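Colleague: I am new to reading protein models. Could you walk me through this one, feature by feature?

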Amino acid sequence: MFTGSTKLPPTKTPQPERLDEVYAALRRGLQNALLLWLITKRSASPLQVEELYDAYCIQRRLRDGASKMVAAFNSATGSREARESLSEANKGYKECTEHMCSLESEFESQMGEFHVKMKGLAGFARLCAGDQYEVIMRYGRQRWRLRGRVEVSNKQIWDSEEYIFLPLVTELLSIKVTELKSLANHVVVGSVSCEMLDLFCPLPQTLAVDINDLGTVKLNLEVTWRCRTLRPNPPCSTQPAYVPRSKASFSFSARLIKMTRSPPAAQSPNGCCPIRALPTHPPCGSRCFM
């Protein structure tokens, strides 16, 4: 799916503010799931996620302290002691940064899975028999590409119907829809970016995305969040006991009811649309659909 590269990957930077938002959404979803599944022998518990988050907060505070020490020693006189202290502070800052990035990756491994089903395009008078469309969804390095056509009976046939996305801390889901008129003539209908935080919910939800500027073409998706099945910690153990991702269970069909859109001229999503926009990406309009 991805081509190889000889370039070194960019240095990862911790995203503590973003992880705070993801943690709150994930913990809320796990707590709701626990209430719904108390009758099962094993239930999804937020305990392991809380332990990871507490460890992350400790590293964050240590990193903030190291950052202040670096700033203080940088403004000090260039004595030998100051240089040695600066070197130690820089070393501590780097170690905390590496630990935070490692904990973010481990946090992602506890976030379960998003099962996304294609439900088709809704275009009112815009969709006609014989029209062909391509939909590309990108979520970090994960990519789902599917093509479909509209039949005479208005039934839509797609070459792929379901895909599993692994939740990420920092990424948004980007969606691009293109109308395939001919081999050399493709028209971009529109592209949007979707916030995923509200999908950590055990209640039925669905995505209804305004693809073009006027909202005359919508993409309908059904999303199921499968949270991980976690075993309770042993009484004498200090380490969380995790179950492999392949044993994930507790399927929750989710309906996402609020989306926004970006103009079709955009080749890459710049504005943040659905659910809840990040502060740096103001929404360009919104609609609610049930």
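Modeller: Happily; we will go through the sheet, a loop residue, a helix and the core in turn. This is a predicted model, in which local features need pLDDT of at least 70 and side-chain atom pairs count only at pLDDT 80 or more, while totals for chains, interfaces and linings use all residues. Residues are numbered from 1 along each chain as its sequence is written, and side-chain values use heavy atoms, with hydrogens and water left out.

Colleague: How do I read a sheet, and in which order do the five strands of the open sheet stand?

Modeller: Strands of a sheet pair through backbone hydrogen bonds, either parallel or antiparallel. Strands (E, at least two residues) and helices (H or I, at least four) are DSSP runs, numbered from the N terminus, and two strands pair if DSSP finds at least two bridges between them. Here the order is E4-E3-E2-E6-E7, with antiparallel pairing. E4 and strand E7 (185–194) are at the edges with a single partner strand each, so one side of each has no neighbour in the sheet. On average, neighbouring strands are turned by 20° against each other, direction ignored; the axes behind such angles are lines fitted to C-alpha atoms, for helices over the stretch in contact, and angles run from 0 to 180 degrees between N-to-C directions.

Colleague: What joins E3 to E2 and to strand E4?

Modeller: Strand E2 (residues 132–139) and E3 pair over eight antiparallel bridges, and Tyr 139 stands opposite Gln 142 in E3. Two residues lie between these strands in their hairpin, where Gly 140 has a positive phi near 65°. On the other side, three bridges join E3 to strand E4 (residues 156–158), again antiparallel. Val 150 stands opposite Gln 156 there, and Gly 148 has Trp 158 as its bridge partner. That hairpin has five residues between its strands, with Asn 154 in the turn at a positive phi of about 70°.

Colleague: Which side chains of E3 are buried, and which are not?

Modeller: Buried means under 20% relative accessible area, exposed over 50%, and partly exposed in between (1.4 Å probe, protein chains only). In strand E3 (residues 142–150), Gln 142, Trp 144, Leu 146, Gly 148 and Val 150 point to one face and are buried, whereas Arg 143, Arg 145, Arg 147 and Arg 149 point to the other and are not.

Colleague: Is Lys 155 buried or exposed?

Modeller: Lys 155 is exposed, because its relative accessibility is 54%. This residue sits in the loop between E3 and E4. Contact means heavy atoms within 4.5 Å, and beyond its neighbours within four places in sequence, Lys 155 is in contact with Arg 149 and Val 150.

Colleague: How does a helix compare with its expected span?

Modeller: The expected span is 1.5 Å times one less than the number of residues. H1 has 21 residues and reaches 30 Å from first C-alpha to last, close to the 30 Å expected.

Colleague: And how many residues does the largest nonpolar core have?

Modeller: A nonpolar core is a set of buried Ala, Val, Leu, Ile, Met, Phe, Trp, Tyr and Cys residues joined through side-chain atoms within 4.5 Å. The largest one has 51 residues, and Phe 107, Ile 175 and Leu 219 are among those with the most contacts inside it. Helix H1 (residues 16–36) gives the largest share, seven residues. Leu 219 lies in strand E9 (residues 218–226) and is buried, with a relative accessible area of 0%.
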